[in-house]
Amino acid sequence: MIRSGFLDSESRQDLIELARDGSAANRLARRANALVLLDNGMSCEAVAKVLLLDDDTIRTWYRLYLEDGVEGLASFGYEGGACRLSDEQQERLKTWIAETLPRSTNQVGAWIAREFGIEYQGRSGLVALLHRLGMEHRKPKAISRKLDPVKQEAFINAYEDLLNHLPAPPLPILPPVPPLWILRNIGLVARRHAGWAAAAQRRPVCL
């Protein structure tokens, strides 16, 4: 028996978008739809009845997804399954993503079209390609905005004392910027931008 809720929120949203993507291959959309229904708590038999398939097919799709994610679902003759980029092009794409951390598949698709002259007509093909390359979409993580007046007052006093004891510079300079961990500690909020990155790569934090 497959338990409901096996998808995390990001994976579930990706599958819903694939199921709704009118430009996605019909077979891929059906597979994505089946996974979402399973995640909702429907049995393989119930999903198979809705999609006019047999329950073994649904179990196979579930296994493919567990083993290889979206790439497993796109393992037939679909543009996201059979990669259209050469090995060299894939390496260039991975390097570009690591350097620029694009926020959307639209940016990725535009870069591929500009650099290689290859166009992906639907988002689903790009999602499958990015998962194949070991990329994942990171969303912003909520950070508490609760301020600590005591820590703020102590920081301000210490920071002003530091500035008052600095030697006078020959030319005007900007005061030193406090470390990021101090700003977080006193309640100044940092945020992360959503976007694509390698699975082991962290996105930068922007104040």
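Me: Before we get into H4, how is the expected span of a helix worked out?
Reply: Take one less than the number of residues in the helix and multiply by 1.5 Å; that gives the expected span. Keep in mind that this is a predicted model.

Me: OK, so what does that give for H4, and how far apart are the end C-alpha atoms?
Reply: H4 covers residues 55-73, which is 19 residues, and a straight helix would reach 27 Å. The end C-alpha atoms of H4 are only 16 Å apart.

Me: Where is H4 kinked, and by how much?
Reply: The kink is centred on Glu67 and comes to about 115°.

Me: Which residues of H4 are buried?
Reply: Ile58, Trp61, Tyr62, Leu64, Tyr65, Gly69, Val70, Gly72 and Leu73.

Me: And at the start of H4, what does the side chain of Asp54 reach?
Reply: One of its side-chain oxygens comes to within 3.1 Å of the backbone nitrogen of Asp56.

Me: Let's do salt bridges. How many are there?
Reply: The count is six. One of them joins the side chains of Arg59 and Glu45, at 2.8 Å from N to O.

Me: Which parts does that pair tie together?
Reply: Arg59 is in helix H4 and Glu45 is in helix H3 (residues 44-51), so the salt bridge links parts that are 14 residues apart in sequence.

Me: How accessible are Arg59 and Glu45?
Reply: Arg59 has a relative accessible area of 35%, so it counts as partly exposed. Glu45 is partly exposed too, with 44% relative accessibility.

Me: What about Arg59 and Asp56, how do their side chains meet?
Reply: In a salt bridge, with 3.2 Å from N to O. Arg59 and Asp56 are three residues apart in helix H4, so about one helical turn separates them.

Me: Why does that spacing matter for which way residues point?
Reply: An α-helix has 3.6 residues a turn, so residues three or four places apart point the same way.

Me: Which residues are in the salt-bridge network with Arg59?
Reply: Glu45, Asp55 and Asp56 are linked with Arg59 in that network.

Me: Moving along to H5, which side chains meet between Lys94 and Glu91, and at what distance?
Reply: Those two side chains form a salt bridge at 3.6 Å, N to O. Both sit in helix H5 (residues 87-100), three residues apart, so they are separated by about one helical turn.

Me: Buried, exposed or in between, for Lys94 and Glu91?
Reply: Lys94 is partly exposed at 29% relative accessibility. Glu91 is partly exposed as well, with a relative accessible area of 46%.

Me: Different topic: where is Arg27 found?
Reply: Arg27 belongs to helix H2 (residues 26-39). With 48% relative accessibility, Arg27 counts as partly exposed.

Me: How far is Arg27 from Ala74, in sequence and in space?
Reply: They are 47 residues apart in sequence and 8.6 Å apart in space, going C-alpha to C-alpha.

Me: Now zoom out. How many helices and strands are there, and in what order do they run?
Reply: The protein has nine helices and four strands. Starting at the N terminus, the order is α-α-α-α-α-α-α-β-α-α-β-β-β.

Me: What share of the contacts join residues at least 24 apart?
Reply: Counting contacts between residues at least 6 apart in sequence, 64% do.

Me: Last bit: how much of the protein is buried, and what is its accessible surface?
Reply: Of its 207 residues, 37% count as buried. The accessible surface comes to about 12,700 Å², with 53% of that belonging to carbon and sulfur atoms.

Notes
Residues are numbered from 1 along each chain as its sequence is written. This is a predicted model: local features need pLDDT of at least 70, side-chain atom pairs count only at pLDDT 80 or more; totals for chains, interfaces and linings use all residues. Side-chain values use heavy atoms; hydrogens and water are left out. Helices (H or I, at least four residues) and strands (E, at least two) are DSSP runs, numbered from the N terminus. The bend at a residue is the angle between axes fitted to the seven residues ending there and the seven starting there. Buried means under 20% relative accessible area, exposed over 50%, partly exposed in between (1.4 Å probe, protein chains only). A polar contact is a pair of N or O atoms within 3.5 Å; within protein, one must be able to donate a hydrogen and the other to accept it, and residues adjacent in sequence count only if both atoms are side-chain atoms. Contact means heavy atoms within 4.5 Å. Accessible areas come from the Shrake-Rupley method with a 1.4 Å probe; for residues, only the protein chains shown count as cover. A salt bridge is a side-chain nitrogen of Lys or Arg within 4 Å of a carboxyl oxygen of Asp or Glu.
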